[in-house]
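Hello,

Here is the structure I promised to pass on. Please have it open as you read; my notes on the sheets follow below.

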Amino acid sequence: MGAPAVRVTTATEAAAADAATIAAGVPSRALMQRAGAAAAAEIVRRYAALLGAGVAVHAGPGNNGGDAWVVARALRRYGVRVGVTQWGAPAPTTDDARYEHDRARDAGDVPAPTGAERVVVDGVLGTGARAPARDYAEAYAAELARARDAAAPNARRVVVALDVPTGLDATTGAAIGTAVRADLTLVFGTLKRGLLVDRDAAGEIAVLDIGLDDVAFAPPGRASLPTLVTADAFSADVLRSFPADAHKGVRGKVAVVGGAAGMAGAAALASDAALRSGAGMVRAVVAPESVPILQNGLHAAMATAWPAPDDADTLQHAVLDWADAILLGPGLGRSDAAAALLERVLSAWRGPVVVDADALNHYAGRLGALGALLAGRPALLTPHPLELARLLGTTVDDVLARRFEIAGEAARTAHAAVLLKGVPTVVSDGAATLVSATGTPTLGTAGSGDVLGGIAAALLAHTPVDETALLRGAAAAWTHGRAGELATALRGGVRGATLADVLDALRDAWPRDGTAESRAPYPVIAELPRVVG
């Protein structure tokens, strides 16, 4: 049995999930105790070598501080020396937090931290924090920064945040005054959106199951909450296995339409990625000037020149009758010839399609017109924020502010799944939304989107016509990001890695044999590494 699905929530949605669980019969104090006990166990598991110097716990006046007091008491039961600082009030101000504060003190003296501790637990502000910044939180963040700066170079000191780092808006990822930079964030129940937006503040992320009730994730009359994409979620149908006697035709044929003069590289990257993602055959349909470049640089792919406007036979036989999936856009350009070819393909092709790059730009402000052409088949749009802003006639700031909702809005207009690239990547078909948080800045380079498009097209080559492209788009985003992580690690950082390394890393990025991804034992239900820059 796989791990529970990890829901991605706003601060309000997280509070509603807690409230629904409490209404279903779980005492609020039990949720706090589960969260704190699970966090303490994870701290012991990860940082056993540092615990001899003790743990400094910083507790705020609210329920996040209550979690911190549970952590303190649990760590003492493990035999760890713990010092606690209470911030914002002489004692907690909520009933549950006050109970845990009193319980911890009843168990024995609770000294102040000595300053020599190697592990710091940040429980000052939680998901309910809002601007403006609180004076005590600013003072705490400044003290934490000073302590880090004063630490000896060889004295490793880690900061573990409970649910969210103090000063980080759990919904938007914006800093509320000075945000704490955590080495590890232990997240309770649901993964807060802000952590996925500001990965630098979050550090490593581990989501802990605290027993939220299923009713919390399916509010009556509302759409289900976005779900984090993990390797566990990949079904055998999405990552299709091939029979022992499979040949190139069985493995799927992908046509890549793009590669205008001077932009052959985009079509080459997409074609290479499709081949490395399982496609049995790839044909790059590119401008005549780009054909020799494709033939010389990518021997495993075929290349065909863009059919002339009056050449219906080549378009029909080389593309429409041949392909199992088509990728439109890599290096397509914005010429009249490119626009005419795009319109011809979309009007005639009824199979799975990925629309990317300049194929999207040709429909700037006309998403409804594109949707009319895409309706009735598995289709995936893969815009970055600027491309989606152009499609919708809005601003990039609007797209980023509403990234978790706007992909679904666009999907309903486009009659297609929309994969909105970014940190994180959001994939929606208008009914369900999936969030992929894999990747590193290695992927922030020209051509990376072409690689993603090729991966997605290969996965779509076997999509039944009555399915959406949602799951395959999410699998492509996750695998693309995972390949970026592997390439970055192999080259020792972003500056040493290239897209060639990402393409090479694809061989190891795919989940193996349907097995669950490696992670810490339950109650950890998802882990995200620190993003290496």
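Seven strands form an open sheet with mixed pairing. Their order is β3-β2-β4-β5-β6-β8-β19. Keep in mind that this is a predicted model. The sheet's edges are β3 (82-86) and β19 (524-528). Each of these two pairs on one side only. Direction ignored, neighbouring strands in this sheet are turned by 20° against each other on average.

Take the β19 end. Strand β8 (residues 204-208) and β19 run antiparallel. Four bridges join them. One residue to look up there is A206 in chain numbering: its bridge partner in β19 is E527.

Now the other sheet. It is open as well, has 10 strands and shows mixed pairing. Read across, the order is β9-β18-β17-β16-β15-β14-β13-β10-β11-β12. Here β9 (227-228) and β12 (302-305) are the edge strands. Both pair on one side only.

A helix packs on this sheet: α10, residues 312-320. Which strands does α10 touch? They are β10 (253-257), β11 (281-286), β12 and β13 (325-328). The direction of α10 makes about 150° with that of β11.

Elsewhere in the 10-strand order, β15 sits beside β16. Strand β15 covers residues 379-381, and β16 covers residues 417-420. These two run parallel, joined by two bridges. Within the pair, L380 stands opposite A417 of β16.

Best wishes

Technical notes: Residues numbered from 1 in each chain as written. Predicted model: local features only at pLDDT ≥ 70, side-chain atom pairs only at ≥ 80, totals over all residues. Heavy atoms only, no water. Pairing = 2+ DSSP bridges. Contact = heavy atoms within 4.5 Å. Axes fitted to C-alpha atoms, helices over the stretch in contact; angles between N-to-C directions.
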